Amino acid sequence: MHQPIDSKNDPYLIVKNVTKTFGDLIALNDVSLSVNEGEFVCLLGPSGCGKTTLLRIVAGLEQQNTGQVHQAGIDISRLPPRERDFGIVFQSYALFPNLSAAENIAYGLENRKVPKDEIKTRVAELLELISLPDVGEKYPAQLSGGQQQRVALARALAPSPGLLLLDEPLSALDARVRISLRIEIKHLQHRLGITTLFVTHDQEEALVMADRIIVMDQGTIEQVGNSEQIYRSPTSPFVANFVGMMNFIPALTTDTPNSLRIGSITLECPTPEGLGPDSPVTVAIRPEEIRIIKKDSLDRNINQFKVIESEFLGSFYRLTCKLDDENQTQLLVEVSNNLMEELAIEVGSLIFINLPSEIIRVYPGELSNRS
């Protein structure tokens, strides 16, 4: 018998202490998470981090070694997929090529013995919902990739599941279609209020679509938060490096609180507690947060750098700048087209760079510059 979770206020989906191994490989290591009803949560991480394995365990397509999965107050940990309440969309669409779009959408409803007139009405509603009212009679081979993925989404939604699982559904599409479809999916999810778990390795996709992001690495959860928290306040060097671009600079603590030494220069910024003088740390700064100022001033954390490389990236330039210190410290700096023109910046220019203390993150230990 499947016992409901005690509190009605518990999250809609709870994954508790789940571990999964494949031989000697630990795919998931004591993972716990929760998803609230109606929430859109992204599992974000590199290939092999365990995000798809976790999604498949929620769906019952993989069986965990230990741990529990609860959905809507019911322990579904050992239920087969057919007895779980979810719809799923895969990267490969997985449409039946011998069935029309309408027949693909109707497939799950027919298996549930839904009356034919109800199926016809539901299929028409869903084709309208995905903005493809006229493709019902077409076969998958006659549809574009974006259209196929919309049909796959409609098929997943047809039985009105309580949970929608999306396994990298946009990664096979070209960039323009992917950008358009991710907005459509988010609007559709919001309109339907369906609880959604979305797997992706695309950081931009996660930042744009998710109510909350769960960043994973090597079978564990590194950080959970909304888009702004994940981007602006990464709790580990892995998250800082994986989400967005980041400068990493080795530094040492000094005898003075909230002060670091990078080569011959001193940087004022909050430092980790409990570190003595000359402890190695890593300074992390995002390229777009660095400020270029017109001339030297008495403000803190201002030093002169030389521009050694310039990349034009359409709406901005990305500069590689070198500090004339014993370590030849380099920074990536993103600069608007207007500022480039105003300050006449080019390769070889000497510029003053301000590193405001509030934008600097400091992690204990030494890392190589992975920007």
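In the predicted model described here, strand S6 (residues 86–89) directs Phe-86 and Ile-88 to one side and Gly-87 and Val-89 to the other, and all of these residues are buried. In general, the side chains of a regular strand alternate between the two faces of the sheet. Strand S6 is joined by four bridges to strand S7 (residues 163–167), the two strands running parallel, and within this pairing Ile-88 has Leu-165 of S7 as its bridge partner.

The loop between S6 and helix H2 contains Tyr-93, a residue other than glycine whose phi is nevertheless positive, near 70°. Tyr-93 has a relative accessible area of 12% and, because this lies under 20%, counts as buried. For comparison with the general pattern, most residues other than glycine have a negative phi.

Helix H2 (residues 101–111) and helix H4 (residues 145–157) have axes that come within 7 Å and cross at roughly 25°. Because angles under 35 degrees count as roughly parallel, H2 is described as roughly parallel to H4. The crossing in which H2 passes H4 is right-handed, and the contact is made by Ala-101, Asn-104 and Ile-105 on the side of H2 and by Val-151, Ala-154 and Arg-155 on the side of H4. Sorted by class, the residues in this contact of H2 with H4 comprise four nonpolar, one polar and one charged. The buried residues of H2 are Ala-101, Ala-102, Asn-104, Ile-105, Ala-106, Gly-108 and Leu-109, and their cover includes helix H3 (116–129) as well as H4. Just after H2, Lys-113 adopts a positive phi of about 60°.

A positive phi is also found at Asp-30, where the value is about 55° although the residue is not a glycine. Asp-30 is placed in strand S2 (residues 25–35), and with a relative accessible area of 45% Asp-30 is partly exposed.

Strands S12 and S13 form a hairpin with two residues between the strands, and in this hairpin Gly-263 takes a positive phi near 60°. Strand S12 (residues 259–262) runs antiparallel to S13 and is joined to it by four bridges, with Ile-262 having Ile-265 of S13 as its bridge partner. Along strand S13 (residues 265–268) the side chains alternate, so that Ile-265 and Leu-267 point to one face and are buried, whereas Thr-266 and Glu-268 point to the other face and are not buried.

Further along the chain, an open sheet is formed by five strands in the order S15-S19-S16-S17-S18, with antiparallel pairing. Strand S15 (291–293) and strand S18 (330–336) are the edge strands of this sheet, each pairing on one side only. On average, neighbouring strands of the sheet are turned by 50° against each other when direction is ignored. Within the sheet, strand S16 (residues 302–312) and strand S17 (residues 316–323) run antiparallel and are joined by seven bridges, and Glu-309 stands opposite Thr-320 in S17.

Note on methods
Residues numbered from 1 in each chain as written. Predicted model: local features only at pLDDT ≥ 70, side-chain atom pairs only at ≥ 80, totals over all residues. Heavy atoms only, no water. Axes fitted to C-alpha atoms, helices over the stretch in contact; angles between N-to-C directions. Parallel < 35°, antiparallel > 145°, perpendicular 65-115°, else oblique. Left-handed = near helix turned anticlockwise from the far one by under 90°. Contact = heavy atoms within 4.5 Å. Nonpolar A, V, L, I, M, F, W, Y, C, P; charged D, E, K, R; others polar. Buried < 20%, exposed > 50% of the residue type's maximum accessible area, 1.4 Å probe, protein only. Pairing = 2+ DSSP bridges.
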